[in-house]
Amino acid sequence: MSKTQHLRIGASSKNDVIIKDQGIDSVHLELFSDVDGNVFVTDLATKSGTFVNGKRLKGYTLLSIGDSLVLGESYQFNWEQYRVEINYKENNTSNKQKLDQNNQSSTSKKTPDRFSFLSIDTNQQLFLIYGLILLVIFLIAILF
């Protein structure tokens with residue numbers, strides 16, 4: 001299974017990555033790498049700023065390979081070393097195994113499930129219950 005990574009970066013020793021450099025705030029930015037290998041950067045309202053390809057970052061953005069990430073006025077940060085590597089062969093194999101398991105379990109059922117009505121979604125269940133209540137009220141009104 002693929003991994004995600006969430007890193008907090010700044011001058012404080014409480015960060016995951018510590019950068020002691022003038023112009024770096026105590027908590028400067030966050031990097032998040034998702035299961036698909038995408039890397040997002042978020043500036044944490046810094047005074048000196050975070051710059052992606054020379055433009056000041058406001059909020060967050062998706063980084064692309066080759067993007068320049070500068071913290072403060074001049075600290076060039078090599079964000080690409082924190083990317084999560086994706087092993088697509090492993091993912092495809094595990095997904096195929098899951099599909100095979102699902103197919104085997106669905107084909108192995110030869111008799112219908114006695115409690116299949118429990119798999120009806122909540123809205124359908126409520127509709128059925130209210131319908132039965134209205135039917136009972138209608139029958140009581142007719143009989144009396």
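At 43% relative accessibility, Ile133 counts as partly exposed, since the label covers values between under 20% for buried and over 50% for exposed. Keep in mind that what you're looking at is a predicted model. Ile133 sits in helix H2, which covers residues 122–143. What kind of surface patch does Ile133 help to form? It's a nonpolar one, shared with Leu126, Ile129, Tyr130, Leu134 and Ile137. Taken together, the six have about 600 Å² of accessible area.

Now step back and take in the whole chain. There are 2 helices and 9 strands in it. Walk along from the N terminus and you'll pass the strands before you get to the helices, in the order β-β-β-β-β-β-β-β-β-α-α. The protein chain has 144 residues, and 25% of them are buried. Its accessible surface comes to about 11,100 Å², with carbon and sulfur atoms accounting for 56% of that. As for how the chain meets itself, take the contacts between residues at least 6 apart in sequence: 32% of these join residues at least 24 apart.

Let's go to the strands, starting with S3. Is S3 mostly covered or mostly open? Mostly covered: 4 of its 5 residues are buried. S3 also has partners to look at. It runs antiparallel to S1, and 5 bridges join the two. S4 is joined to S3 by 5 bridges as well, again antiparallel. One bridge pair here is Leu29 with Asp43 in S4. S3 and S4 make a hairpin with 5 residues between them, and in that turn Gly37 has a positive phi of about 90°. In general, strands of a sheet pair through backbone hydrogen bonds, in either a parallel or an antiparallel way.

Back to S1 and S3 for a moment, where Arg8 stands opposite Glu30. How do the side chains of Arg8 and Glu30 meet? They form a salt bridge, with 2.5 Å from N to O. Arg8 belongs to strand S1 (residues 5–10) and Glu30 to strand S3 (residues 29–33), so this pair ties together parts that are 22 residues apart in sequence. Searching the whole structure turns up 1 salt bridge. The two ends aren't covered alike: Arg8 is partly exposed, at 34% relative accessible area, while Glu30 counts as buried at 16%, because buried means under 20%.

Further along the chain is another group of strands. Here 4 strands form an open sheet, ordered S6-S5-S8-S9, with antiparallel pairing. At the edges are strand S6 (55–56) and strand S9 (75–76), each of which pairs on one side only. Inside this sheet, S5 and strand S8 (residues 69–71) run antiparallel and are joined by 3 bridges. Thr50, for instance, has Leu71 in S8 as its bridge partner.

Finally, have a look at the loop between strand S4 (39–43) and strand S5 (50–52), which is where you'll find Ser48. Is Ser48 buried or exposed? Ser48 counts as buried, at 19% relative accessibility, because the cut-off for buried is under 20%. The side chain of Ser48 reaches the backbone oxygen of Gly23 at 2.4 Å. Gly23 is also one of the residues Ser48 is in contact with once neighbours within four places in sequence are left aside; the others are Asp25, His28, Arg56 and Gly72.

Conventions:
Residues are numbered from 1 along each chain as its sequence is written. This is a predicted model: local features need pLDDT of at least 70, side-chain atom pairs count only at pLDDT 80 or more; totals for chains, interfaces and linings use all residues. Side-chain values use heavy atoms; hydrogens and water are left out. Patches are made of residues with over 30% relative accessible area and no salt bridge: like charges are joined within 9 Å, nonpolar side chains (Val, Leu, Ile, Met, Phe, Trp, Tyr) within 5 Å. Accessible areas come from the Shrake-Rupley method with a 1.4 Å probe; for residues, only the protein chains shown count as cover. A salt bridge is a side-chain nitrogen of Lys or Arg within 4 Å of a carboxyl oxygen of Asp or Glu. Buried means under 20% relative accessible area, exposed over 50%, partly exposed in between (1.4 Å probe, protein chains only). A polar contact is a pair of N or O atoms within 3.5 Å; within protein, one must be able to donate a hydrogen and the other to accept it, and residues adjacent in sequence count only if both atoms are side-chain atoms. Contact means heavy atoms within 4.5 Å. Two strands pair if DSSP finds at least two bridges between them.
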